[in-house]
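User: I am new to reading protein models and would like a close look at a single part of this one. Please take me through the largest pocket and the strand that contributes to it, in connected prose.

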Amino acid sequence: MVSAGDATISVAFVANANDGGSAVTGYEYSTDGGATWRLRDAGSSMTSSPITITKLSSDGLTAISNGTAYDVAIRAVNRAGAGRESATFTVIP
């Protein structure tokens with residue numbers, strides 16, 4: 001489930017049981033439909049739901065802007081690399 005707040009996007013998820021034999025170590029998010037990916041902020045648990053997005057995936061520095069549409073997706077990461085991405089959802093904070 002994807003929801004918007006004041007200059008934030010929240011992505012709640014249920015982890016897939018199929019981890020390919022290696023435990024999930026984190027999640028990446030995209031704010032541009034999968035063109036760029038960024039590991040979620042380290043200040044939170046790297047594997048728990050939800051993911052709170054406050055910065056663009058393109059540079060990790062630019063803040064999410066209210067009134068702007070973002071095409072958001074997430075994907076799990078483990079020692080083998082990045083998994084398949086989720087469906088893309090358009091959200092406007």
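Analyst: Two strands, β6 (70-78) and β7 (81-82), each supply at least two residues to the lining of the largest pocket in this predicted model. Of these, β6 gives the largest share of the lining, namely seven residues. The pocket holds about 560 Å³ of space, and its lining counts 29 residues, with Asn16, Arg75, Ala76, Gly83 and Arg84 lying nearest its centre. Sorted by class, that lining has 18 nonpolar residues, together with seven polar and four charged ones.

It helps to set this part in its chain. The chain has eight strands and zero helices, so that its pattern, read along the sequence, is β-β-β-β-β-β-β-β. Its radius of gyration is 13 Å, which agrees with the value near 12 Å that a compact globule of 93 residues would have, and its C-alpha atoms fill a box of roughly 40 × 25 × 25 Å along the principal axes. Buried residues make up 28% of the 93 residues. Among contacts between residues at least 6 apart in sequence, 52% join residues that are at least 24 apart.

Strand β6 can now be followed through one of its own residues, asparagine 78. Asparagine 78 counts as buried because its relative accessible area is 14%, which is under the 20% cut-off. A polar atom of its side chain lies 3.0 Å from the backbone oxygen of serine 22. Leaving aside neighbours within four places in sequence, asparagine 78 is in contact with Asp19, Ser22, Ala23, Val24 and Thr25.

A second residue to look at is serine 30, which has its place in strand β3 (residues 26-30). Serine 30 is buried because its relative accessibility is 0%. Although serine 30 and alanine 73 are 43 residues apart in sequence, their C-alpha atoms are 5.3 Å apart in space. Not counting residues up to four places away, serine 30 touches Asp71, Val72 and Ala73, and also Ala35, Thr36, Trp37 and Ser57. The side chain of serine 30 also reaches two backbone atoms, the nitrogen of glycine 34 at 2.8 Å and the oxygen of threonine 36 at 2.9 Å.

Taken together, the strand that supplies the largest share of the pocket lining also holds asparagine 78, a buried residue whose side chain has a polar atom 3.0 Å from the backbone oxygen of serine 22.

Key: Residues numbered from 1 in each chain as written. Predicted model: local features only at pLDDT ≥ 70, side-chain atom pairs only at ≥ 80, totals over all residues. Heavy atoms only, no water. 1 Å grid on protein atoms, 1.4 Å probe; cavity = no way out; pocket = protein on both sides within 12 Å on 5 of 7 lines; lining within 4 Å. Points joined across faces, edges and corners; volume = space filled by probe spheres on them. Helix = DSSP H or I, 4+ residues; strand = E, 2+ residues; numbered from the N terminus. Nonpolar A, V, L, I, M, F, W, Y, C, P; charged D, E, K, R; others polar. Buried < 20%, exposed > 50% of the residue type's maximum accessible area, 1.4 Å probe, protein only. Polar contact = N/O pair within 3.5 Å; in protein donor to acceptor, adjacent residues only side chain to side chain. Contact = heavy atoms within 4.5 Å. Rg over C-alpha atoms; globule rule 2.2 N^0.38 Å.
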